[in-house]
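Colleague: Let's go through this model together. I'll ask about strands and helices.

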Amino acid sequence: MLLELIGVGFTYRSGAAATLTDIDLRLAPGQMHAILGQVGSGTSTLGRLITGLLSERGTSVGHIRAAGTAVMLGDDPEAQLSGMTSLVGDEVQLSGRLQGDDVSAVERRARKALDSLGIGDLWPRRLDTLSGGQRQLVALAGLLTGNPSLLVLDQPSLSLDPETRRRLGAVLRAFCLDGGAVLITAHQFDEVAEACDQVSVLDSGRLITTDIRPSANELERRGIWDTRPRGHGEPREPHQSKEPREADRSEAAGPSAPVSVALSVRGLSVARGGATVLTDIELDLASGEIVSIMGSNGAGKSTLLRSLAGLLGAGVTTSGMINVDGNGTPVSLGDAPAHVRAQHLGWVGQDPGSQLSAATVREELMRAVPLPSHRRRDRAAIRTRRQKAVTAAMATTGLDSFSETHPYDLSIDLRKDLVMASAFILSPRILLLDEPTLGRDRKAIDRLNVFIEDFRRGGGSVLATTHDRHWAAVTADRILLLDEGRVNQDEQCGGAAS
């Protein structure tokens with residue numbers, strides 16, 4: 001056995017109750033096992049306990065034995081990039097080099113790992129030019145280069161498109177055929193979990209053995225979100241079609257009022273380091289409309305949203321026209337700085353941690369945007385208004401009970417919600433959501449959908465990038481495909497009706 005757990009439990013020092021209880025688990029060479037659970041069920045704790053990352057944080061009971069070398073890819077893979085290198089090739093070779101392995105052998109293993117994951121062409125690229133999904137794959141390639149016997153992967157599908165998830169599943173199967181073993185923990189069922197020999201459920205810290213392939217109803221009952229699109233013969237979730245949404249907008253605006261354009265993009269092009277990322281993007285977003293943009297890893301989805309928000313850094317050139325509806329008057333954002341755009345466009349990035357800086361949720365929202373210019377004598381009244389806005393934003397996003405929690409102690413879905421609440425303080429007409437479903441279980445997906453629907457009913461519009469075809473199909477009015485730097489209607493999805 002490469003891994004054996006008998007009667008294992010774990011209690012954090014700050015916890016009143018055990019996070020894990022009486023876990024029995026065995027993993028032999030060649031096996032690939034997925035353990036799924038809701039946010040807070042203990043999935044990440046289990047992975048960290050197995051790989052020895054919790055020895056100083058609490059008390060464990062039971063027997064844990066891991067043969068060979070066990071390594072873990074956490075749910076924030078970017079944090080596992082060493083910070084010691086600048087280029088992909090150097091980063092992937094680093095673990096082998098630090099182990100003192102033969103230099104040529106390390107390079108061969110590194111190139112093989114990148115090629116198997118379909119990113120061999122990234123070898124000479126700078127790490128800071130990669131998409132979130134590409135950085136995630138680079139972190140995994142670095143682990144594979146170190147020749148481990150057991151891979152523990154916490155939410156390995158975060159930021160990966162469906163085709164890349166299928167490829168990753170095949171790579172992990174090959175790793176198992178070579179004598180390794182893989183344990184996956186996650187809150188979502190997807191193509192990687194589908195490639196596993198066994199799928200179990202962790203419910204409130206207890207491991208429940210299920211059928212090898214749990215049904216969609218079983219996943220739903222356990223609070224696990226299934227990212228895969230529904231096929232023929234499978235039950236579909238009820239969702240609002242485009243007709244009721246147009247009716248809602250017409251009722252709010254009056255029987256003969258035309259649907260207005262909230263965002264108009266014309267001829268938007270972006271180049272980085274001499275390479276074209278986006279070419280002549282043409283895009284309209286109607287008031288009250290929800291549009292999802294899909295595309296492969298590295299297609300430029302995050303770049304598109306960041307360019308609209310004015311957040312592209314040095315060395316990036318942009319051109320084109322960006323206009324928004326400023327309460328009935330077109331406003332050009334062509335050369336406007338980010339803080340001006342934020343009044344119209346609320347941006348929630350793929351990595352919410354990069355947008356957080358305060359010590360508590362409430363303080364983060366208080367500092368989300370500067371107070372308006374005011375006289376000293378009016379400061380108390382203005383701060384009172386901000387406090388009311390913060391309280392309303394926390395209520396809207398369900399963060400009331402976390403008001404005094406440090407943002408980095410929140411799960412990734414709640415950190416996303418906190419950044420959304422921060423954007424809400426400025427009351428933008430448009431939300432730009434980059435991969436909003438990352439790390440969400442079924443309950444967190446429902447919470448996200450309620451927030452988006454309420455925002456839409458208030459006249460807001462949403463432009464979201466996602467790899468979650470299921471979520472896009474049941475949520476969006478339109479689904480667009482970003483491919484080779486251009487935006488097109490996604491014929492495969494055919495919009496939200498698919």
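Modeller: This is a predicted model. We can start with strand E1, residues 3-12, which is joined to E2 by bridges and runs antiparallel to E2.

Colleague: How many bridges join E1 to E2?

Modeller: The two strands run antiparallel. One bridge pairs Leu5 with Leu25 in E2. The number of bridges joining E1 to E2 is five.

Colleague: In which order do the strands of the open sheet with E1 lie?

Modeller: Three strands form this open sheet, and their pairing is antiparallel. Strand E2 (20-27) and strand E4 (58-66) each have a single partner strand, so one side of each lacks a neighbour in the sheet. The twist from one strand to the next averages 15°. The order is E2-E1-E4.

Colleague: Which helix packs on that sheet, touching E1, E2 and E4?

Modeller: The helix spans residues 43-50. Its direction makes about 115° with that of E1. The helix is H1.

Colleague: What is the strand order in the open sheet of six strands?

Modeller: The pairing there is mixed. Strand E17 (345-348) and strand E21 (486-489) stand at the edges, so each has one side without a neighbour in the sheet. Neighbouring strands are turned against each other by 20° on average, direction ignored. The order is E17-E18-E19-E14-E20-E21.

Colleague: Which residue in E18 stands opposite Gly346?

Modeller: E17 is joined to strand E18 (residues 430-434) by four bridges. These two strands run parallel. Opposite Gly346 stands Leu431.

Colleague: Which helix packs on the sheet and touches E14, E17, E18, E19, E20 and E21?

Modeller: Helix H13 (residues 412-424) also packs on the sheet, but its contacts are E17 and E18, and its direction makes about 165° with that of E17. The helix asked for covers residues 301-309 and makes about 150° with the direction of E18. It is H9.

Colleague: Is H3 parallel or oblique to H4?

Modeller: The axes of H3 (residues 103-116) and H4 (residues 132-145) come within 9 Å. They cross at roughly 140°. Angles over 145 would count as roughly antiparallel. This crossing therefore makes H3 oblique to H4.

Colleague: How many residues of the contact of H3 with H4 are nonpolar?

Modeller: From H3 come Val106, Arg109, Ala110, Ala113 and Leu114, which meet Ala141, Leu144 and Thr145 in H4. One contact residue is polar and one is charged. The nonpolar residues number six.

Colleague: What is the handedness of the crossing of H3 and H4?

Modeller: The axes cross at roughly 140°. The crossing is right-handed.

Conventions: Residues numbered from 1 in each chain as written. Predicted model: local features only at pLDDT ≥ 70, side-chain atom pairs only at ≥ 80, totals over all residues. Heavy atoms only, no water. Axes fitted to C-alpha atoms, helices over the stretch in contact; angles between N-to-C directions. Parallel < 35°, antiparallel > 145°, perpendicular 65-115°, else oblique. Left-handed = near helix turned anticlockwise from the far one by under 90°. Contact = heavy atoms within 4.5 Å. Nonpolar A, V, L, I, M, F, W, Y, C, P; charged D, E, K, R; others polar. Pairing = 2+ DSSP bridges.
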